[in-house]
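Here's a quick tour of a few spots worth pulling up in your viewer. Have the sequence open alongside as you read.

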Amino acid sequence: MSLQMVTVSNNTALIQPGFSLMNFDGQVFFFGQKGWPKRSCPTGVFHLEVNHNHIKLKPTIFSKDSCYLPPLRYPATCAFKGSVLESEKHQYIIHGGKTPNNELSDKIYVMSVVSKNKKVTFRCTEKDLVGDVPEARYGHSINVVYSRGKSMGVLFGGRSYMPSTHRTTEKWNSVADCLPHVFLVDFEFGCATSYILPELQDGLSFHVSIAKNDTIYILGGHSLASNIRPANLYRIRVDLPLGSPAVNCTVLPGGISVSSAILTQINNDEFVIVGGYQLENQKRMICNIISLEENKIEIREMETPDWTPDIKHSKIWFGSNMGNGTVFLGIPGDNKQVVSEAFYFYTLKCAEDDMIEEQTTFTNSQTSTEDPGDSTPFEDSEEFCFSAEANSFDGDDEFDTYNEDDEEDESETGYWITCCPTCDVDINTWVPFYSTELNKPAMIYCSHGDGHWVHAQCMDLAERTLIHLSAGSNKYYCNEHVEIARALHTPQRVLPLKKPPMKSLHKKGSGKILTPAKKSFLRRLFD
C-alpha cells in the first residue's frame with residue numbers, strides 16, 4: 001500500500017464530505033457537491049483528472065434527453081453492467097441521499113456514458129418505482145445481484161427523518177435508522193418489493209456491502225438507537241427463478257466493528273477496507289483485506305500504510321473509492337498555521353497496477369463519514385468548511401470561468417437574517433415554530449419597494465394564514481409596510497352617476513328657468 005499526498009488545483013470548495021466517485025472505464029468522476037450546481041457546470045458532475053499527484057476538476061455535460069440530477073450527498077451508488085439497454089454496457093445506479101436543501105431523496109437515477117469525444121457526455125434517467133417503494137434515506141447501500149440470467153437491485157439500511165407523528169419541537173429534525181427491510185428493485189420494470197428477514201434486527205447505517213453473483217455481504221455499520229458499531233457480518237442470497245424471488249439471510253462469524261469505511265476492489269476476489277470509525281471518538285486505522293472464494297468470505301488484517309502525523313491526529317476523515325484499488329482521502333487542515341488549507345487530500349493505492357484485473361464483482365460502501373446531525377462531532381462534522389478561495393477552470397475550456405463570488409453566501413442571505421427590528425430568530429437556538437417547517441424557518445416575501453424577506457414567525461402569522469399566503473400568488477407586505485401598502489392600493493372604480501338631461505333642471509310647473517348659479521350648484525351636486 002502506498003500513500004501519496006495530492007493537491008487540488010481548482011474548485012476545492014466543491015469537494016465536501018458526503019461526495020461520491022464514479023469510475024467509467026478508468027475515468028473518475030466527482031459527484032455530490034454541497035450546494036446547487038455551479039454556473040459553469042450545471043450538471044454538478046466533474047471529471048476528476050489526476051496527473052502527477054495533481055488533481056483538476058473539469059465540468060462534464062449531459063445529453064439533451066437527460067433528467068435533472070441534484071448534487072446528492074450520502075447516496076447509495078453502485079456500478080451496473082449488463083443493462084437492459086444493450087447499447088449502454090456500464091452504468092451507475094444512484095438512490096437516495098441529501099439534497100442541497102438538506103431534504104432526503106427517494107428517487108433512483110441511472111447514469112451512463114453516451115459519448116466519449118473531446119468531453120464525456122452522460123445520460124441520466126430517473127426510474128419511477130411502484131410497489132413497496134423505499135422511503136427517502138441516506139447512508140444506505142444498493143447493490144446488483146445476478147441469478148439465473150437475471151439481475152436485481154438490493155437496497156438495505158440507512159437513516160431517515162422521524163415520521164411527522166413522532167416529531168416534537170425539540171426533536172423536529174431528528175433522524176432514525178430505517179427499518180431493517182431488504183428491498184429488491186427491478187430496474188427494467190421499476191418494481192420494488194420489501195422483505196423482512198428475522199436475522200436483520202437493525203437498519204444499520206454507513207455499513208459496508210459487497211456483492212458477488214447472487215450474494216451480498218453486509219459488514220459493520222452504526223446503530224443509531226444503541227449508538228454502537230456491532231461486529232456484524234451478514235450474507236444475503238437472492239434467487240431469481242421464473243416465479244417470485246427467494247431471499248434468505250445468514251449470520252456469519254468473524255465480522256468487524258466499523259462504520260463509514262471505504263471499500264475498494266484490488267482483483268476479482270479481493271477487496272480492501274480503509275478508514276472509518278470503530279468508536280464514536282476514534283478513527284479505525286486498521287486496514288482489512290477481504291477474500292471471496294467459493295461462496296466463502298475471509299476477513300484478515302493487512303499491513304497498514306505509513307499514515308502521516310496529520311492523518312493520525314485528525315478527528316475526522318472522509319473519501320471515496322476511485323476504482324482500480326485506489327482510495328481518495330481528505331482530512332481537515334491545521335488551523336494553527338498562518339496559511340492553512342481547509343482540507344488536505346491523499347490517494348491510497350492498495351494494489352500495484354499489474355495486480356489489478358478487470359473487476360467482475362461490484363462493490364459499494366457509503367461515503368466515509370457519518371452525518372453530523374445524527375452522529376458524533378468526530379464524524380463528518382460540517383463545521384469544517386472549505387475556504388472560499390477557488391481558481392478557475394482552464395482558460396481554453398468551453399465553459400465559463402467559475403467565480404465563487406457568483407454564489408450566494410448563506411451566512412448573510414436567505415433564512416439566517418435579521419429581518420426586522422424585533423427579529424428574534426437565531427441560527428443557534430431556532431426550533432420549528434410551524435408544523436410545515438423542517439430545516440429552516442418559514443419566510444414571507446414583502447412586496448414593498450424592491451422586496452425583502454421576513455420571517456413568518458416575526459410577522460406573528462397564524463399557520464393557516466401562512467399556508468394561505470404561500471399557496472397564492474398575490475402580493476403581501478410585512479408588518480412594517482402593510483400600512484403603506486394599503487395607501488398604495490388603487491381605489492375600487494366607482495361608476496359615475498348618470499347625468500340628468502338639461503330639461504330636468506327646470507322646475508316642474510313653475511315655468512321659470514333656473515339661474516346659472518343654481519345650475520352650476522346642481523351640476524356639482526350630481527357630479
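## C478, in a loop

Let's start with C478, keeping in mind that this is a predicted model. C478 sits in the loop that runs between helix 2 (463-471) and helix 3 (482-488). Is C478 buried or exposed? C478 has a relative accessibility of 4%, so it counts as buried, the cut-off being under 20%.

Which residues does C478 touch, once its neighbours within four places in sequence are set aside? The answer is C446, H452, V454 and M459.

## The annotated binding site

Two of those contacts turn up again in a record. An unreviewed UniProt entry carries the annotation "binding site" for C446, H452, C478 and H481. These residues are spread over 36 residues of sequence, yet they cluster in space, with a largest C-alpha distance of 10.9 Å.

H452 is worth a click too. H452 belongs to strand 33 (residues 452-455) and is partly exposed, at a relative accessible area of 25%. If you skip residues up to four places away in sequence, H452 touches I444, Y445, C446, C478 and H481. Among those contacts are C446, C478 and H481, which the UniProt annotation also covers.

## A five-stranded sheet

Now for some strands. There's an open sheet of 5 strands, ordered 11-17-16-13-12, and its pairing is mixed. Which strands stand at the edges? They are strand 11 (130-131) and strand 12 (141-147); each has a single partner strand, so one side of each is left without a neighbour in the sheet.

Further in, strand 16 (residues 181-186) pairs with strand 17 (residues 191-196) in the antiparallel sense, over 6 bridges. If you want a handle on the register, H181 stands opposite I196 in strand 17.

## S105, another loop residue

Last stop: S105, found in the loop between strand 8 (90-95) and strand 9 (108-116). S105 is buried, with a relative accessible area of 6%. What does the side chain of S105 reach? It gets to the backbone nitrogen of K107, at 3.2 Å.

Leaving out residues up to four places away in sequence, S105 also touches L72, G96, G97, T99, A136 and R137. So both loop residues on this tour, C478 at 4% and S105 at 6%, fall under the 20% cut-off and count as buried.

Conventions
Residues numbered from 1 in each chain as written. Predicted model: local features only at pLDDT ≥ 70, side-chain atom pairs only at ≥ 80, totals over all residues. Heavy atoms only, no water. Pairing = 2+ DSSP bridges. Helix = DSSP H or I, 4+ residues; strand = E, 2+ residues; numbered from the N terminus. Buried < 20%, exposed > 50% of the residue type's maximum accessible area, 1.4 Å probe, protein only. Polar contact = N/O pair within 3.5 Å; in protein donor to acceptor, adjacent residues only side chain to side chain. Contact = heavy atoms within 4.5 Å. UniProt positions renumbered as here; feature names shortened; annotations may be inferred.
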